[in-house]
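Biologist: Could you take a close look at the sheets in this one and walk me through what packs around them? One long, connected answer is fine.

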Amino acid sequence: MGPVIEVRRADERQHGGDPEAGIDSRHAFSFGPHYDPDNLRFGALIACNEERLAPGAGFAEHPHSHTEIVTWVTEGELTHRDSTGHARVIRPGDVQHLSAAAGVRHSERNEGAVPLVFVQMWLAPRAPGGEPSYAVVRDLAGPYAVPGAGATLRVLRPAAGERTALPDGPFRYVHVVRGEVRLAGDTLGPGDAARITGARGPELAGVTEAEVLLWAMES
């Protein structure tokens, strides 16, 4: 039996945020007031939010707990501050990972002069509690593992016509950042996603030059 692939289009995302404050959020999963009991998670992934912040806009300090938060900036610069004393600027190509553990507070703002666009993904940890931690990988070149959630992130950049075999595993999540790709007969564009279950994965092919976030999850 081959893999099961469910495609979710960009226009199916729930819109949120605060447009008057310069915040445009687009949620792939049940989130906040957009409650959907049939769309709570896929594998370890419980949120995949596309965020757009105007210059000067941002999220004031707020709490998180028992969540692995991974952020990928696609345009502009993200300024992060948290209650453990970290203050960093995250740029395109960097991966930011905040492990909220038993509890942490953070803020995220666009302190630059141009719009900020980023994808933020939340994963459920295998075990609650512990001490919060924070890491940034500059110019990510290989897989990034989140062992606390049994997940690994890869950034794929296929050229037009290039084919890439997806890793095997029970759960894989594909999110297209830019460009177009083909996956098992479907064309996916920016903001589109695919949820893949099954031991063996299909190939992903570039239609144009593209950038794709791929999560491989054990559960």
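Modeller: Let's start with the open sheet of four strands, which runs in the order β15-β20-β17-β18 with antiparallel pairing. Keep in mind that this is a predicted model. The edge places go to β15 (163-165) and β18 (186-188); each has a single partner strand, so one side of each has no neighbour in the sheet. From one strand to the next, the twist averages 30°. If you zoom in on the β18 edge, you'll find β17 (residues 181-183) joined to β18 by three bridges, the two running antiparallel. One spot to click on there is Arg-182, whose bridge partner in β18 is Thr-187.

Now for the other open sheet, with seven strands. Its order is β2-β3-β4-β11-β6-β9-β12, and again the pairing is antiparallel. At the edges stand β2 (14-18) and β12 (133-137), and since each has just a single partner strand, one side of each is left without a neighbour in the sheet. Neighbouring strands here are turned by 20° against each other on average, ignoring direction. At the β12 edge, five bridges tie β12 to β9 (residues 95-99), and these two run antiparallel. Ser-99 sits opposite Ser-133 of β12 in that pairing.

What about the packing? As a rule, nonpolar side chains in soluble globular proteins tend to be buried together. In this model the largest nonpolar core counts 25 residues, and the ones with the most contacts inside it are Met-121, Leu-123, Tyr-173, Trp-215 and Met-217. Several strands supply at least two residues each to this core, including β4 (45-53), β6 (68-75) and β11 (116-123), along with β16 (171-178) and β21 (211-217). There's also a second, separate core of 16 residues, with Leu-53, Ala-100, Leu-116 and Trp-122 among its members.

Two of the names above come back when you look at the rings. Searching the whole structure turns up four aromatic pairs. Take Phe-29 and Tyr-173: their ring centres are 5.9 Å apart and their planes are at 35°, so this pair counts as tilted. Phe-29 is in the loop between β3 (23-27) and β4, while Tyr-173 is in strand β16, so the pair ties together parts 144 residues apart in sequence. Both partners are buried: Phe-29 has a relative accessible area of 2%, and Tyr-173 has 1%. Then there's Phe-31 with Trp-122, another tilted pair, at 5.1 Å centre to centre and 55° between the planes. Phe-31 lies in the loop between β3 and β4 and Trp-122 lies in strand β11, so here the link is between parts 91 residues apart in sequence. Burial is split in this pair: Phe-31 is partly exposed at 22% relative accessibility, whereas Trp-122, at 16%, counts as buried. The cut-off explains that split, because buried means under 20% relative accessible area. Going back to Phe-29 and Tyr-173, they belong to one aromatic cluster together with Phe-42 and Phe-171.

Next, have a look at β7 (residues 78-82). Four of its five residues are buried, so this strand is largely enclosed by the rest of the structure. Follow its pairing with β8 (residues 87-90): four bridges join the two strands, which run antiparallel. His-80 stands opposite Arg-88 of β8. The hairpin of β7 and β8 has four residues between the strands, and Gly-85 takes a positive phi there, near 100°. β7 also pairs with β10, again antiparallel and over four bridges. In that pairing, Thr-79 is set opposite Arg-109 of β10.

That brings us to Val-104, which belongs to strand β10 (residues 104-109). With a relative accessibility of 4%, Val-104 counts as buried. Leaving out residues up to four places away in sequence, Val-104 touches His-62, Pro-63 and His-64, then Asp-82, Ser-83 and Thr-84, plus Leu-98 and Pro-132. One of those contacts, Asp-82, falls within the 78-82 range of β7, and another, Leu-98, falls within the 95-99 range of β9. If you want a distance for scale, Val-104 and Gly-58 are 46 residues apart in sequence and 18 Å apart in space, taken C-alpha to C-alpha.

Notes:
Residues numbered from 1 in each chain as written. Predicted model: local features only at pLDDT ≥ 70, side-chain atom pairs only at ≥ 80, totals over all residues. Heavy atoms only, no water. Pairing = 2+ DSSP bridges. Axes fitted to C-alpha atoms, helices over the stretch in contact; angles between N-to-C directions. Core = buried A, V, L, I, M, F, W, Y, C linked by side-chain atoms within 4.5 Å. Buried < 20%, exposed > 50% of the residue type's maximum accessible area, 1.4 Å probe, protein only. Phe/Tyr/Trp six-rings, centres within 6.5 Å; stacked < 30°, edge-to-face > 60°. Contact = heavy atoms within 4.5 Å.
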